[in-house]
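Student: Please take one part of this structure and go through it closely. I would like to follow a single set of contacts between side chains.

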Amino acid sequence: MLQTVLPALLTASAPSKLVLEGGTHNPAAPPFDFLVKSFLPLINQMGPTVTAELERPGFYPAGGGRIHVSISPAKRLFPLEILERGAVLSTKARAMVANLPLSIAMREVKLAARLLTLPRIRLSLKRSVVP
């Protein structure tokens, strides 16, 4: 949803604040972490300032997530030119579950650690309760 309304708000005449509810982590859309760590930093390089905060995660199919987004528009957007891939600075794995046993997240993070050959210090778990 954010990527649908964002283009119009990036050059709007006034700042915007959005509250979006639903699935913040689902297979058919970019997860929240991608938005804040990859997508929005690139958008911000184009001139506007867009920030997002996760109030609570929402997983497919139940939903229940909520994010808050603030957009300070720019008068004009600057071109974004990415010609080379940057260096990999770090690799981490985090497993998130909602309304499920933490043991499920532990299985997921152990598999990610094995596939990515990550040490335990680079792994984390998060369990949320979604209404």
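Tutor: In this predicted model, the side chains of R66 and E21 meet in a salt bridge, with N and O 2.4 Å apart. The two residues come from distant parts of the chain: R66 sits in strand β3, E21 in strand β1 (residues 16-22), and 45 residues separate them.

How accessible each partner is can be read from its relative accessible area. R66 has 22%. Buried would require a value under 20% and exposed a value over 50%, so a residue in between is called partly exposed. R66 is therefore partly exposed. E21, at 55% relative accessibility, counts as exposed.

R66 has another partner to look at. The side chains of E55 and R66 also meet in a salt bridge, here at 3.4 Å from N to O. E55 lies in strand β2 (residues 49-56) and R66 in strand β3, so this pair ties together parts that are eleven residues apart in sequence. E55 is partly exposed, and its relative accessible area is 41%. Salt bridges that share partners join E21, E55, R56 and R66 into one network.

How many salt bridges does a search of the whole structure find? The search finds four. One of the salt bridges in this model joins D33 and R94, whose closest N and O atoms are 2.4 Å apart. D33 lies in helix α2 (residues 32-45) and R94 in strand β4, so the pair ties together parts that are 61 residues apart in sequence. D33 is partly exposed, with a relative accessible area of 23%. R94 is also partly exposed, and its value is 39%.

After the charged side chains, a word on a nonpolar part of the surface. L42, L80 and I82 form a nonpolar patch there, and together they have about 240 Å² of accessible area. Within this patch, L80 is found in the loop between β3 (65-72) and β4 (93-98). These are the strands that hold R66 and R94. Why can L80 be part of a surface patch? A patch takes residues with over 30% relative accessible area and no salt bridge. L80 has a relative accessible area of 34%, so L80 is above that cut-off and counts as partly exposed.

To return to the part you asked about: R66 in strand β3 meets E21 and E55, and these residues belong to one network with R56.

Key. Residues are numbered from 1 along each chain as its sequence is written. This is a predicted model: local features need pLDDT of at least 70, side-chain atom pairs count only at pLDDT 80 or more; totals for chains, interfaces and linings use all residues. Side-chain values use heavy atoms; hydrogens and water are left out. Patches are made of residues with over 30% relative accessible area and no salt bridge: like charges are joined within 9 Å, nonpolar side chains (Val, Leu, Ile, Met, Phe, Trp, Tyr) within 5 Å. Accessible areas come from the Shrake-Rupley method with a 1.4 Å probe; for residues, only the protein chains shown count as cover. Helices (H or I, at least four residues) and strands (E, at least two) are DSSP runs, numbered from the N terminus. Buried means under 20% relative accessible area, exposed over 50%, partly exposed in between (1.4 Å probe, protein chains only).
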